[in-house]
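Q: Could you take me through the metal site in this one and tell me what the labels rest on?

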Amino acid sequence: MRAILSSKWTKVAVFVFCLVPFLVLVGRTLRGQLGANPVEFLQHATGDWTLRFLIFTLSITPLRKLLRLPELIRFRRMLGLFAFFYVCLHFITYIGPDQSFSLTGMWQDIAKRRFITVGFLGFLLLIPLAVTSTAGWIRRLGGKRWQALHRAIYVAAVCGVIHYYWLVKSDVREPLFYGAIVAILLLWRLGDWLIKRGKRAPAQVAAAGIS
Amino acid sequence: MLIRPKPDLTYADITPRSVYFNRREVLRAMGIAGVGLAGGKILSSLAFPGQTALATSKLSGLVKSPFSTTEKPNSIEDVTHYNNYYEFGTDKSDPAKKSQNFRTSPWSVSVEGEVAKPRKFSMDEILKLAPLEERIYRHRCVERWSIVVPWIGFSLSTLAKLVEPTSKAQYVAFQTFFDPTQMPEAKYGGIDFPYVEGLRLDEAMHPLTMLCVGMYGETLPNQDGAPVRIVVPWKYGYKSIKSIVKIRFQQKEPPTTWNRYSSEEYGFYSNVNPAVDHPRWSQATERRLGEIFRRNTLLFNGYGDQVASLYNGMDLKKYH
Ligand code: HEM
């Protein structure tokens, strides 16, 4: 298992897997199979995949520890970058067909619509994370600071869930489903941190963080 | 030998049993229906992007209507595969799939309340109340999409006059059929059922307000409100209540489903108005199905010339 996880080819396979939703959307677009409202179809699909990839990214640390498979960490950056890739596509469906590329219209909308405001906040938070995802940036920032910065993904995921919850009309099953998963993933980290803190000398507590 | 006159065509005759292709059953047979929420949705959309067949029949002798817009109607494909009908699921693609077994025959509509002559109308009677007109109307959903549909029917006032509303009748309440066994998806809708709607009497009697029995030259498909619905083209789509079984004339303003769900978001009047935003999104623009960019939404959905006088002196923001 660990040998498979460490293989170069596994990384390639995961990359291809991450690209499948995109390729399916391209295929359906080319064949005109996006239903009656193609823009909405793409907007919803890319929004869904952003949230799913945020969840995949957040699952790595718990899985790595629970399954004792440290190699899983190799995939975390790629999953996170794919979340960013899908949110960019999602944003394009908004700024283009929804706002006709009008920046003033967009700002007004962001200021006025709370579901857009939180979605936009989530998007903004992901930008520095994508930029600093390289080894060079980890070195430049130093491990601790880099880690602290990348905790912004917790907030981005929560923003994504609230965004979804606020935009549905009355059937809240799907936003609650994603919300529950995000909650479990974040609560696990809290629990992990509390346990670690309990084991440490009080002096170290201040410096400790949630990974 | 006695020659019997040919019996009249009845609604049951013109509504054949549905022949359709049920995606879910196929999936189940393939044993992949158990995969998770996300996976299942994706797999099914990958495997079967196709359509369900319609179980409608031709309506003949249609009269053209001066109320029709000259705008190009949407494809029947769009209008039958992008529906809000929460009794059959909340996704726009659900009603086309999940309403196919819905039994719409026999059917009758009870007209009651503050009327001199309350009575029940069978579908056959409704079809013969007046010449069937084809009216091409714009239809604007509160969710900011719009379509152009060639509806078939006649003014609701035709039926209303037959029952003779009394002077006490100020409002009209409508109710959709509800049967949880035929509509198992309803419990996830988040709104109460049966679905109810209402109009002020003058709105209900306005000639644009339609009692609708068909579209695109045929009887209504189940997902579009078979066998009979209301169409009010200057109001958001949810006012155009589907599959009605009851029409009640009354003195008090009736409760309406979406208003009960959230009165700030969905007013009783719900007139299309680009200047009055839904609390969560702007109503200034809409996307016509088939178009990429948004177009501007028109006050009263472009029917202001005919209906604006109904609301003279009224604060359209307050009474949204
Ligand atoms: C962390 C970032 C984001 C996440 C996780 C996210 C996720 C989602 C999800 C899950 C949906 C619903 C899809 C469905 O119904 O199946 C959605 C819809 C939508 N999102 Fe986002 N989104 C994000 C950022 C944004 C941004 C930055 C914008 C625009 C500024 C935006 C605009 C929209 C719009 C307009 C809709 C459709 C609303 C409707 O249909 O009424 N989102 N998003």
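Q: How do you know whether A:His90 and A:His163 are buried or exposed?
A: In this predicted model, the label goes by relative accessible area, and buried means under 20%. Both A:His90 and A:His163 come out as buried.

Q: What makes these two histidines ligands of the iron atom?
A: Their NE2 atoms sit at 1.9 to 2.0 Å from the iron. A donor has to be an N, O or S atom within 2.8 Å of the metal, so A:His90 and A:His163 both count as coordinating the iron.

Q: Why is the arrangement around the iron called octahedral?
A: There are six donor atoms, and the angles they subtend run from 86 to 179°. For six donors, the label asks for opposite ones over 155 degrees apart and all others between 65 and 115. The angles make the arrangement octahedral. As for the chain, A:His90 belongs to helix α4 (residues 76-98) and A:His163 to helix α9 (residues 152-167), so the pair, 73 residues apart, links distant parts of chain A.

Q: What makes the approach of A:Asp48 to the ligand a polar contact?
A: An N or O atom in the A:Asp48 side chain is 2.9 Å from an oxygen atom of the ligand, and the cut-off is 3.5 Å for a pair of N or O atoms. A:Asp48 is also one of the residues that come nearest, out of 22 around the ligand.

Q: Which helices each supply at least two residues of the shell?
A: Those are α3 (38-66), α4, α6 (114-131) and α9 of chain A. By class, the shell has 11 nonpolar, nine polar and two charged residues.

Notes
Residues are numbered from 1 along each chain as its sequence is written. Chains are lettered from A and ligands numbered from 1 in the order in which they are written. This is a predicted model: local features need pLDDT of at least 70, side-chain atom pairs count only at pLDDT 80 or more; totals for chains, interfaces and linings use all residues. Side-chain values use heavy atoms; hydrogens and water are left out. Donors are N, O and S atoms within 2.8 Å of the metal (3.2 Å for Na, K and Ca); water is not among the atoms, so sites may look incomplete. Four donors count as tetrahedral if all angles lie between 85 and 135 degrees; four count as square planar and six as octahedral if opposite donors are over 155 degrees apart and all others between 65 and 115; anything else is irregular. Helices (H or I, at least four residues) and strands (E, at least two) are DSSP runs, numbered from the N terminus. Buried means under 20% relative accessible area, exposed over 50%, partly exposed in between (1.4 Å probe, protein chains only). A residue is near a molecule or strand if one of its heavy atoms lies within 4 Å of it. A polar contact is a pair of N or O atoms within 3.5 Å; within protein, one must be able to donate a hydrogen and the other to accept it, and residues adjacent in sequence count only if both atoms are side-chain atoms. Ala, Val, Leu, Ile, Met, Phe, Trp, Tyr, Cys and Pro count as nonpolar, Asp, Glu, Lys and Arg as charged, and the others, Gly among them, as polar.
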